[in-house]
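This note is offered to a colleague who meets the structure for the first time. The points below are best read with the model in view.

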Amino acid sequence: MTAKEEMQSETVTEVTSVPASTNGTRPEAKPDLRVIALSDLEPSKTNPRRRIDENSINSLADSITAQGVLEPLIVRERGRRFEIVCGERRYRAAKAANLIGVPCLVRKLSDEQVLDIQIHENLHREDVHPMDEAYGYQFLQERLGCDTKELALRVGKPEGYVLNRDRKS
């Protein structure tokens, strides 16, 4: 039997996904996937990303018009509405594309988990403005009461890097 035939005949083991840990606590195993009306969504006040280029929103809106929303937003329930944890750009672009609703993963998250997710989602991008990054680190430090060393461990950046960003705020 050739190597190719062996690979084809191997038994495929079922793979199950395990949710990522958020600061040592695990979110629920199965988020609820639903289409939620844009009117029921609201941007998070804790999103560290403050600058969103309107040209990039318009470009994303064109893509959404052509292809739809390809990746669901992550939201959590807040009374009768939903707070956008991740995906504010997609939300804005969907509004610009005149959609009525968007796919969302509804998760049960604490305030601390939301902050951790937002920091990791936004601040590990290459295109984040340094002032947004500095604001995010400062906000997280104040909210969680952690020092620079602990914050650096949380966000996976060198302590000196976080300290330099912190000085910009």
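1. Strand 3 and strand 5 run parallel and are joined by three bridges. Two strands are taken to pair if DSSP finds at least two bridges between them. Helices (H or I, at least four residues) and strands (E, at least two) are DSSP runs, numbered from the N terminus. Within this pairing, Ile-74 has Leu-105 of strand 5 as its bridge partner.

2. The basis of these statements should be kept in mind. The model is predicted, so that local features need pLDDT of at least 70 and side-chain atom pairs count only at pLDDT 80 or more, while totals for chains, interfaces and linings use all residues. Residues are numbered from 1 along each chain as its sequence is written, and side-chain values use heavy atoms, with hydrogens and water left out.

3. Confidence varies along the chain. The average pLDDT (the predictor's confidence in each residue, from 0 to 100) is 78, and 75% of the residues score at least 70. Among the elements, strand 5 has the highest mean, 96, and helix 1 (residues 3-9) the lowest, 39. Over residues 1-24 the pLDDT stays under 50, and the model has 15 contacts beyond four places in sequence for this stretch. Contact here means heavy atoms within 4.5 Å.

4. The overall composition is seven helices and five strands, which follow the pattern α-β-β-α-β-β-α-β-α-α-α-α along the sequence. Of the 169 residues, 37% count as buried; buried means under 20% relative accessible area, exposed over 50%, and partly exposed in between (1.4 Å probe, protein chains only). Among contacts between residues at least 6 apart in sequence, 76% join residues at least 24 apart.

5. The five strands form an open sheet with mixed pairing and the order 1-5-3-4-2. Its edges are strand 1 (32-37) and strand 2 (41-43), each of which pairs on one side only. On average, neighbouring strands are turned by 50° against each other, direction ignored. Helix 3 (residues 88-96) packs on this sheet and touches strand 2, strand 3 (73-78), strand 4 and strand 5 (101-106); the helix direction makes about 120° with that of strand 4. Axes are lines fitted to C-alpha atoms, for helices over the stretch in contact, and angles run from 0 to 180 degrees between N-to-C directions.

6. Strand 4 (residues 81-86) has two pairings to examine. With strand 2 it runs parallel, through three bridges, and Phe-82 is the bridge partner of Leu-41. With strand 3 the pairing is antiparallel, over five bridges, and Phe-82 is the bridge partner of Glu-77. The hairpin of strand 3 and strand 4 has two residues between the strands, and Gly-79 takes a positive phi near 70° there.

7. Which side chains make polar contacts with Arg-76? Arg-76 lies in strand 3 and counts as buried, at 6% relative accessibility. Its side chain is joined to that of Glu-83 by a polar contact of 2.6 Å and to that of Asp-111 by one of 2.8 Å. A polar contact is a pair of N or O atoms within 3.5 Å; within protein, one must be able to donate a hydrogen and the other to accept it, and residues adjacent in sequence count only if both atoms are side-chain atoms. Leaving aside residues up to four places away in sequence, the residues touched by Arg-76 include Phe-82, Val-85, Leu-109 and Val-114.

8. Glu-83 also has a polar contact with Ser-44, side chain to side chain, at 2.7 Å. Ser-44 is in the loop between strand 2 and helix 2 (54-67) and is buried, with a relative accessible area of 7%. A further side-chain polar contact, of 3.0 Å, links Ser-44 to Gln-118.

9. Helix 6 (residues 148-155) deserves separate inspection. Thr-148, Leu-151, Ala-152, Arg-154 and Val-155 are buried in this helix. Seen down the helix axis, the buried residues fall within an arc of 160°, so they line one face; the arc is that of the directions from the axis to the C-beta atoms. The face turned away carries the exposed residues Lys-149 and Leu-153.

10. Both ends of helix 6 can be described. At the N-terminal end, Asp-147 acts as a cap, with a side-chain oxygen 3.3 Å from the backbone nitrogen of Lys-149. After the helix comes Gly-156, whose phi is positive, near 70°.
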